[in-house]
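Good morning, colleagues. I should like to use these few minutes to discuss a ligand site and the empty space within a protein. Please look at the sequence and structure as they appear.

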Amino acid sequence: MKLLFVASEGAPYAKSGGLGDVIQGLPVELSKRKDVEVTVILPFYRSIKFGSDFQMEYVTSFATMLSWRQIYTGVFKAVSRSRKLTYYFIDNEYYFNRDGMYGDYDDGERYAFFSKAVLESLQYLNYYPDVIHCHDWQTALVPVFLKANYQFGAYQNIKTVFTIHNIEYQGKMPDSFCDEILGLGEEWKNVLHFDDCLNLMKGAIVTADKLTTVSKTYSHEILYAYFSHGLDGILRENQYKLCGITNGLDTDVFNPKKDGKLFLNYGPGDVEGKAANKRHLQERLGLEVRDDVPVVALISRLVAHKGLELVEFMANQLMSMDLQFVVIGTGESRFEDCFRFMEYQYPGKMSANILFDSALASQVYAGADLFLMPSKSEPCGLSQLIAMRYGTVPIVRETGGLFDTVPALNTESLEGRGFTFKLFNAHDMLGAVERAVEFYHNREQWNKHIKNIMKYNSGWKNPADEYLGLYQELTEY
Ligand code: GLC
């Protein structure tokens with residue numbers, strides 16, 4: 001089976017968040033399977049093209065039509081290590097030779113070009129996949145263009161899967177975009193139009209052959225207005241093709257036994273190794289060096305749907321407990337300021353790191369005891385999986401992928417994985433933290449549990465099996 005992944009980011013080439021990790025872990029795992037060949041196509045961003053980390057070779061160039069314009073399109077290929085996993089990059093300096101990946105005024109046009117160029121490239125590469133798997137709004141136009149402009153030759157047999165990693169970002173464009181940029185007629189305007197504008201994600205929901213979300217629970221949640229950011233109606237109409245497959249974690253990349261950024265590497269059951277990382281972390285961050293106090297970590301983009309208002313509301317109650325609190329992340333100034341103020345109020349107990357530093361993040365995953373993730377919604381979430389891999393017990397709200405990957409812990413039988421709360425309520429969150437802190441002092445049970453969660457198999461094997469089943473279902477007909 002030939003699978004083509006199309007996405008706006010994929011590690012190790014380009015990554016801004018969880019999507020980048022998925023577009024590494026899943027293709028790598030699938031390419032190990034018998035009779036499966038995987039190709040990934042990404043934009044040739046400045047950092048990839050002019051960075052010194054990757055070796056590329058030129059493959060071909062042609063023009064992509066976007067409405068009345070002919071746009072130069074280059075295709076480059078990563079000099080690869082594996083015959084079964086190929087990476088191509090779509091080159092156009094006007095669109096992609098810029099700093100960063102997202103946030104430009106013309107992102108809609110940039111990713112419309114990318115989506116069309118990917119489809120156009122297939123005939124020049126003479127490569128026709130069985131399934132194209134697209135991700136998030138940036139590639140939502142792939143199934144739309146495929147149906148609108150490519151119903152000829154070998155293109156006609158290609159099936160499409162569209163994965164929603166986060167329904168909050170839908171790619172909303174003015175109506176004029178349809179004709180002026182996409183070059184699509186009135187009938188396609190209806191497919192894309194939603195709520196007074198064009199909505200690219202809606203276009204993919206309607207035109208893709210299968211829809212998936214990155215956890216089972218999220219696939220049910222987005223059928224309700226509370227989670228759907230307006231798209232619940234259209235999703236309910238297309239529910240027959242929707243399913244949820246919970247993400248895995250690249251357990252080679254996230255591995256405390258090998259992670260070169262740690263003070264000391266450790267494996268399951270190595271209580272002393274983890275304790276040494278904790279001492280090192282406390283020293284590095286100016287926290288009181290104590291091994292009898294739980295360190296609670298929060299590593300997140302500091303935005304509202306991560307549930308930070310619960311922490312803000314409970315700041316003083318939290319800090320009046322005998323615990324230490326470490327935050328890493330950037331985002332809305334309201335939350336950045338809240339955490340800075342907490343650090344000022346509680347020196348030696350609280351450390352606010354308003355930045356993103358992956359080395360520090362690794363050290364916090366390793367050195368902390370508890371990991372707080374009170375998200376209002378969470379399509380899947382990766383941090384709770386990383387935390388468990390590093391022996392750090394998650395405290396989560398029961399939503400989306402958090403619900404699927406962190407079943408509530410029974411502190412007697414040690415079934416389950418973490419401390420959970422159901423309602424989006426600050427006192428319920430505080431209650432979960434209190435229960436976690438109490439359990440922390442039950443050292444014998446605690447150490448057993450740490451060993452269990454470090455051994456939990458959160459890798460890509462099972463999710464890749466489920467995706468393969470889905471692709472097979474599509475290509476059988
Ligand atoms: C998005 C979601 C996150 C998920 C990631 C990868 O970033 O917000 O929950 O883990 O995509 O699928």
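The ligand sits in the largest pocket of what is, I should state at once, a predicted model. Which residues are around the ligand? From the early part of the chain there are Gly-18, Leu-19 and Val-22. His-165, Asn-166, Val-214 and Asn-247 also belong to this shell, as do Glu-378, Pro-379, Cys-380 and Gly-381. By class, the shell comprises five nonpolar residues, five polar residues and one charged residue.

Let me turn to the polar contacts. The side chain of His-165 places an N or O atom 2.7 Å from an oxygen atom of the ligand. For Asn-247, a side-chain N or O atom is 2.8 Å from a ligand oxygen. Cys-380 contributes through its backbone, with an N or O atom 2.9 Å from an oxygen atom of the ligand. As for burial, the ligand taken alone exposes 310 Å², and the protein buries 90% of that.

I now move from the pocket to enclosed space. How many cavities of 30 Å³ or more does a search of the whole structure find? The search returns one, and the volume of this largest cavity is about 40 Å³. Its lining consists of Asp-21, Gly-248, Leu-249, Asp-250, Phe-254, Leu-382 and Trp-460. In terms of class, four of the lining residues are nonpolar, one is polar and two are charged.

That concludes my remarks, and I welcome discussion.

Methods
Residues are numbered from 1 along each chain as its sequence is written. This is a predicted model: local features need pLDDT of at least 70, side-chain atom pairs count only at pLDDT 80 or more; totals for chains, interfaces and linings use all residues. Side-chain values use heavy atoms; hydrogens and water are left out. On a 1 Å grid over the protein atoms alone, a cavity is a set of points where a 1.4 Å probe fits but cannot get out, and a pocket is an open set with protein on both sides within 12 Å along at least five of seven lines; lining residues have an atom within 4 Å of a point. Grid points are joined across faces, edges and corners, and a volume is the space filled by probe spheres set on the points. Ala, Val, Leu, Ile, Met, Phe, Trp, Tyr, Cys and Pro count as nonpolar, Asp, Glu, Lys and Arg as charged, and the others, Gly among them, as polar. A residue is near a molecule or strand if one of its heavy atoms lies within 4 Å of it. A polar contact is a pair of N or O atoms within 3.5 Å; within protein, one must be able to donate a hydrogen and the other to accept it, and residues adjacent in sequence count only if both atoms are side-chain atoms. Accessible areas come from the Shrake-Rupley method with a 1.4 Å probe; for residues, only the protein chains shown count as cover. A molecule sits in a cavity or pocket if more than half of its atoms lie within 2 Å of its grid points.
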